Amino acid sequence: MVRRHACKRAYRFRFYPTPEQEQLLRRTVGCCRKVYNLALEARSVAWTAEHRSVTYVQTSAMLTQWKKTAEYSYMNEVSCVPLQQALRHLQTAFSNFFKQTGDYPRFKAKSHGGSAEYTRSAFKWDAKRNELTLAKMREPLPIRWSRTLPRKTEPSTVTVSLDAAGRWHVSILVEETIRPLPARRNAIGIDLGVDSYAVTSDGETIANPRHYKKLAERLEREQRTLSRKTKGSNNRRKAALKVARTYARITDMRRDFLHKLSTRIIRENQTVVLEDLNVKNMAKRCAPKPDPDNPNHWLPNGQSAKNGLNGSIMDAGWSEFRRMLEYKAEWYGRQLITIDRYYPSTQICSHCGAETGPKGMPGLKVRAWTCPDCGTTHDRDLNAAENILAAGLAVSVCKDGRTGTKVSH
């Protein structure tokens, strides 16, 4: 019998607010940003000057005092719930920093948009009409329901966000019961790359869509236009909005590709094995170095030194792809195994097991090689994917392996 399990899941939709709603929402988002920045400054100054820690409760008391002053009296015009949530988000950011799972919190910028989170007491949900009305609003949000919410679910949290491209989104968090997919016998290893986005152990090659490269010329043209505009002018704001919209389009295309690919892989396979890649360090290591004698020195795939291999690595979105596989495997009853990043998957012959030496940069030019021990000719990426699968299955059976190996069910 397939067991169902409950989990929290967010559904994100576009909406187009009325002028009155947009004015209130922009004011709310701006107040959330201001409260976050004020609290961050107060906590940073207290620690730097007095080595004194400031808690969430203390920042909440500060918020009460700020709202009583003439300078920040406008905060009373918006719902108090998103302001309190901004303080809680700051507390979470500091907790992650002290746990060494995140960087030190940074100040929020207006140009990046913003968000406001409403808990259950700050919105009304009409399940029959599919209407969501936020605090301080008379009319429900005009949401474009691109898909339906699960039946008999009640939203616990609603987050309204404005991105840099000027688009409004609402994220509705609900608790739903997800039924795992039927069990399958398939297991694959995946070797992620730049030339091809991924090569699987069953021989499938997934092309790299190179989303950034598709719009690179357009983005460069818009950025040149932006650089010529006077700072603070309306024309500069318009030009900056065009750049932001192009970036948003790149992000949307990348997210759509990763969602479709990760969903297909999870549906078709019971076990998926990946390498635990350190994307940030790989991008730093592959950053192009200036060569005064040859400004267009060699880079993989015929790229110029301006873009570099590091740009292609960041454009691929490997970390996001792995994150999607992790939570979808947990939802649908699949197994995701990540093997140690130092496992020499490209150095081992998948036929006889002989180690044939490193094939890193500049060995990326070598796409095929022949094993000196058994004489088998290998495609570099396919051989790596087969080795990744073998290592992952060994870890799954023996519950042992190199440091950093992780098994997720």
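The second largest cavity in this predicted model has a volume of about 30 Å³. Its lining consists of Leu181, Thr263, Ile266, Arg267, Lys328 and Tyr332. Two elements, helix 6 and helix 9 (318-332), each give two or more residues to this lining, and the largest share, three residues, comes from helix 6. By class, three of the lining residues are nonpolar, one is polar and two are charged.

The count of cavities of 30 Å³ or more comes to two. The largest cavity has a volume of about 40 Å³. Around it lie Ile188, Thr200, Asp202, Glu204, Arg264, Ile265, Glu268 and Asn269. Helix 6, which covers residues 234-268, again appears here: it gives the most to the lining of the largest cavity, with three residues. This lining divides into two nonpolar, two polar and four charged residues. Helix 6 is thus the main contributor to the lining of the largest cavity and also gives the largest share to that of the second largest.

The next topic is helix 2. This helix runs over residues 56-68, and its 13 residues should span 18 Å at 1.5 Å a residue. The end C-alpha atoms of helix 2 are 19 Å apart, which agrees with that expectation. Buried residues in helix 2 are Tyr56, Thr59, Ser60, Leu63, Trp66 and Lys67. Viewed down the axis of helix 2, these buried residues fall within an arc of 115°, so they line one face of the helix. Val57 and Lys68 are exposed, and they sit on the face of helix 2 turned away from its buried side.

The cysteines remain. A disulfide is a covalent bond between the sulfur atoms of two cysteines. The structure holds zero disulfides. Cysteine 352 is in no disulfide, and the nearest cysteine sulfur to its own, that of cysteine 371, is 3.6 Å away. Cysteine 371 is likewise in no disulfide, with the sulfur of cysteine 352 as its nearest cysteine sulfur, at 3.6 Å. The cut-off for a disulfide is a pair of cysteine sulfur atoms within 2.5 Å, so a pair 3.6 Å apart does not count as one. As for exposure, cysteine 352 is partly exposed, with a relative accessible area of 38%, whereas cysteine 371 counts as buried because its relative accessibility is 2%.

Notes: Residues numbered from 1 in each chain as written. Predicted model: local features only at pLDDT ≥ 70, side-chain atom pairs only at ≥ 80, totals over all residues. Heavy atoms only, no water. 1 Å grid on protein atoms, 1.4 Å probe; cavity = no way out; pocket = protein on both sides within 12 Å on 5 of 7 lines; lining within 4 Å. Points joined across faces, edges and corners; volume = space filled by probe spheres on them. Helix = DSSP H or I, 4+ residues; strand = E, 2+ residues; numbered from the N terminus. Nonpolar A, V, L, I, M, F, W, Y, C, P; charged D, E, K, R; others polar. Buried < 20%, exposed > 50% of the residue type's maximum accessible area, 1.4 Å probe, protein only. Expected span 1.5 Å × (residues − 1). Arc of directions from axis to C-beta.
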